[in-house]
Amino acid sequence: LFAAVASASALLAAGSANAVYVNNDGLGQALIYPYYTVRNGNTTLLSVVNTTDQAKAVKVRFLDGKNTAEVLDFNLFLSPKDVWTGAILATADGAMIKTTDKSCTNPIIPTAGQPFRNYQFVEDARNTVGVPASLLAMDRTREGYVEILEMATIAADSTFGKDVTHVNGKPKCSMTSDAIATNTTAGVSAPSGGLFGSESIVNFASGYSTSVDATA
């Protein structure tokens, strides 16, 4: 899958290297959610919509607000016309993503949620003298922004497309695990757009909320 995605993406980039632009209609191959926070009792709710009749493989990335260090990423597979939702919640020392959505992910997000990580903070500190302990703390994961990047279009009628498409509310997800050596290149093509996203920052204690569409 990942070899096919890389090949398809390379072909796309070669043909349209100068064609990146903000789509005011809110649809695109890349979505930027400008801010998430779990500070001061806030929760951030995310959604991404596949408006097309083809399945999609997308990369979901969470980056901290201090220095855009990645705190978590995973691959998400969207059915045709699919909507994926998740919530960024506070933990004892940082933040995590939690979802009850059935769409396939790799790795699988635990039912209890997947905590964010500070691996990149620690790696950066290895090459820098005198880094304050506060810059290595999980507290940095409590605010930042989110990117969702389309990696590939998956033909809905392909074996792979059928595997990641919901049937009776749930896809099989039998071809999305690293542990399964299955040829998933058939039906995989270059990103084609059609993604839409939005987010809401909600404070349940105060009743306050604010929402914004992702930049596409």
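Here's a quick briefing on the salt bridges, aromatic contacts and one pocket of this structure. Keep in mind that you're looking at a predicted model. It has eight salt bridges and five aromatic pairs, and its second largest pocket holds about 420 Å³ of space.

**Salt bridges around R39**

- R39 pairs with D139 in a salt bridge, 3.0 Å from N to O. That one reaches across 100 residues of sequence, from the loop between helix 2 and strand 9 (D139) to the loop between strand 1 and strand 2 (R39).
- R39 also forms a salt bridge with E143, where the closest N and O atoms are 3.0 Å apart. Here the partners are 104 residues apart, with E143 sitting in strand 9.
- How exposed are these residues? D139 has 30% relative accessibility, so it counts as partly exposed. R39, at 24%, is partly exposed, and E143 gets that label with 25%.
- Through shared partners, salt bridges tie R39, D139, R142 and E143 into one network.

**R140 and its two contacts**

- The side chains of R140 and D64 meet in a salt bridge at 2.9 Å, N to O. D64 belongs to strand 3 (residues 55–64), while R140 is in the loop between helix 2 and strand 9, 76 residues apart.
- D64 has a relative accessibility of 0%, so it's buried. R140 comes in at 12%, so it counts as buried.
- R140 has an aromatic contact too: its charged end sits over the ring of F121, 3.8 Å from the ring's centre.

**Aromatic rings**

- Y36 and F116 make an edge-to-face pair, because their planes are at 75 degrees, with ring centres 5.9 Å apart.
- Y36 lies in strand 1 (residues 30–37) and F116 in the loop between strand 8 (114–115) and helix 2 (119–126), so this pair ties together parts that are 80 residues apart in sequence.
- Both Y36 and F116 are buried.
- Y36 and F116 belong to one aromatic cluster along with F62, F74 and W84.

**Second largest pocket**

- Which residues are closest to the centre of this pocket? Of the 19 that line it, those are D101, K102, S103, T105 and I108.
- Strand 7 (residues 104–106) supplies the largest share of the lining, at three residues.
- By residue type, the lining splits into eight polar, seven nonpolar and four charged.

Notes. Residues are numbered from 1 along each chain as its sequence is written. This is a predicted model: local features need pLDDT of at least 70, side-chain atom pairs count only at pLDDT 80 or more; totals for chains, interfaces and linings use all residues. Side-chain values use heavy atoms; hydrogens and water are left out. On a 1 Å grid over the protein atoms alone, a cavity is a set of points where a 1.4 Å probe fits but cannot get out, and a pocket is an open set with protein on both sides within 12 Å along at least five of seven lines; lining residues have an atom within 4 Å of a point. Grid points are joined across faces, edges and corners, and a volume is the space filled by probe spheres set on the points. Helices (H or I, at least four residues) and strands (E, at least two) are DSSP runs, numbered from the N terminus. Ala, Val, Leu, Ile, Met, Phe, Trp, Tyr, Cys and Pro count as nonpolar, Asp, Glu, Lys and Arg as charged, and the others, Gly among them, as polar. Rings of Phe, Tyr and Trp (its six-membered ring) pair if their centres lie within 6.5 Å; planes under 30 degrees apart count as stacked, over 60 as edge-to-face and the rest as tilted. Buried means under 20% relative accessible area, exposed over 50%, partly exposed in between (1.4 Å probe, protein chains only). A charge sits over a ring if NZ of Lys or CZ of Arg is within 6 Å of the ring centre and within 35 degrees of the ring normal. A salt bridge is a side-chain nitrogen of Lys or Arg within 4 Å of a carboxyl oxygen of Asp or Glu.
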